[in-house]
Amino acid sequence: MGAGALGGAATLGSLVTAATASRGTATDELRIGYLPITDAAPLLVAHGDGFYAQRRLTAGRPVLFRSWSSLMEAFLTRQVDLIHLLMPSAIQLRHVIGADVRVVGWNHTGGGAITVAPHISEVGQLAGTQVAIPGWWSIHNILLQRVLRANGLTPVARRSPSRTDGTVELVVMGPSDMTPALATGSISAFTVADPFNAGAVARGVGRLHMLLDQVWRDHACCVTVVHQDLIDNRPDTVQALVDAAVAAQLGIRADRPAAAAILSGGGYLPQPPKAVEVAMTGTVPDPQGGPDRPRIDFHPYPFPSFTSELVRQMRLTVVDGETRFLDGLDPSRVHADLVDDRFVRAAITRHGGPAALGLPASLTRHERLV
């Protein structure tokens, strides 16, 4: 992915073209697109553990993509029917591209981190260096920039970084390119989903600085996105899809090692099995003194409070691309325009209610950022 990916003019233009291109041929088989990260685990485990088949849902083997831009283009041209996608990018698709898409559930919470070169011991040392992000409209970029600003640093795009001025240049990279770039010293750090953080640590070329969940507790990164016409024409298919994903989330939370084995043994995640296992089963101390928290968790409900706060945080974030669309967005109304939670509400009820999935009974919450 080039420097302008997911926000830059070149990629934005290609997405607009994709949104208006001739569509792929519709099929009865549900086609799933994903990036090889643990964020996609519910969609992948639902396939590998037979949850789609149990619901008589014909779903082909999920198709692996290597970049967010290629995944979105395949989705917009109907080469795949549904994808897991960065939540800020879903907002971009809806409000910049004008794509008639809907979020039908969260894939997970947490699961992202900031990984630094072994010689980096504090954030201030990133001044004058390049740091890689997976996309401009990603929760990783948003939260990394909060961390940089909190430590007196200024994120910049397409500007040479200066140690004297305390600037850090952000560059977009495909996740699979980040660990080699860190190993060669062309970047000083990266932020991305697991298992790439765990993989860099396992190879000895990186050190885990912090989980992004420490910046925004229980934030969503990837969400399940479908076209509105799939909802309109095949609502039973959408319900079966969401039911299967929620069942997979329950299964993952009940037996994380087994889920990691499916992701690795089934060939869904082509990273070292140990890195996948660490990413799926690892825990970290709770900064508030509670029980240890998982590196990644799996909660399906898309909280309106999160969407509203996300829009506000997007306005504070430096990106190499179009941002004027944010000026006209009412944070309190974006959720209703983008998210259709009817299917996930029904799935939660069928699978034991909110408590069974670690959710509050009211399905409301207060966002916690530091």
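**Close-up 1. Packing of helix 10 against helix 15, two helices that are oblique to each other.** In this predicted model, helix 10 (residues 235-254) and helix 15 (residues 342-350) pack at an angle of about 50°, and their axes are 9 Å apart; since angles from 65 to 115 degrees count as roughly perpendicular and those under 35 as roughly parallel, the two helices are therefore described as oblique. The crossing of helix 10 and helix 15 is right-handed. On the side of helix 10, the contact involves Pro235, Val238, Gln239, Val242, Asp243 and Val246, which meet Arg342, Phe343, Val344, Ala346, Ala347 and Arg350 of helix 15. Sorted by class, the residues of this contact comprise eight nonpolar, one polar and three charged.

**Close-up 2. An open sheet of six strands with mixed pairing.** The strands follow one another in the order 8-9-7-10-6-11. Strand 8 (154-156) and strand 11 (207-211) stand at the edges with a single partner strand each, so that one side of each is left without a neighbour in the sheet. On average, and with direction ignored, neighbouring strands of this sheet are turned by 30° against each other. Within the sheet, strand 7 (residues 130-133) pairs with strand 9 (residues 167-172) in the parallel sense over four bridges, and Ile133 stands opposite Val172 in strand 9.

**Close-up 3. Helix 6 and helix 8 lying across strands of the sheet.** Helix 6 (residues 139-150) lies across strand 6 (112-116), strand 7, strand 8, strand 9, strand 10 (189-193) and strand 11, and runs at about 170° to strand 9. Helix 8 (residues 196-203), in turn, lies across strand 6, strand 10 and strand 11, with a direction at about 135° to strand 10.

**Close-up 4. The aromatic pair of Trp106 and Phe306.** A search of the whole structure finds five aromatic pairs, one of which is formed by Trp106 and Phe306 in an edge-to-face arrangement, with 5.1 Å from centre to centre and 75° between the planes. Trp106 belongs to strand 4 (residues 101-106) and Phe306 to helix 13 (residues 304-315), so the pair ties together parts that are 200 residues apart in sequence.

**Close-up 5. Packing of helix 5 against helix 13.** Helix 5 (residues 87-97) and helix 13 pack at an angle of about 80°, with their axes 11 Å apart, and are therefore roughly perpendicular to each other. Met87, Pro88 and Ile91 of helix 5 make this contact with Phe306, Thr307, Leu310, Val311 and Met314 of helix 13. The residues of the contact divide into seven nonpolar and one polar, with no charged residue.

Technical notes. Residues are numbered from 1 along each chain as its sequence is written. This is a predicted model: local features need pLDDT of at least 70, side-chain atom pairs count only at pLDDT 80 or more; totals for chains, interfaces and linings use all residues. Side-chain values use heavy atoms; hydrogens and water are left out. Axes are lines fitted to C-alpha atoms, for helices over the stretch in contact, and angles run from 0 to 180 degrees between N-to-C directions. Angles under 35 degrees count as roughly parallel, over 145 as roughly antiparallel, 65 to 115 as roughly perpendicular and the rest as oblique. A crossing is left-handed if the near helix is turned anticlockwise from the far one by less than a right angle, and right-handed if clockwise. Contact means heavy atoms within 4.5 Å. Ala, Val, Leu, Ile, Met, Phe, Trp, Tyr, Cys and Pro count as nonpolar, Asp, Glu, Lys and Arg as charged, and the others, Gly among them, as polar. Two strands pair if DSSP finds at least two bridges between them. Rings of Phe, Tyr and Trp (its six-membered ring) pair if their centres lie within 6.5 Å; planes under 30 degrees apart count as stacked, over 60 as edge-to-face and the rest as tilted.
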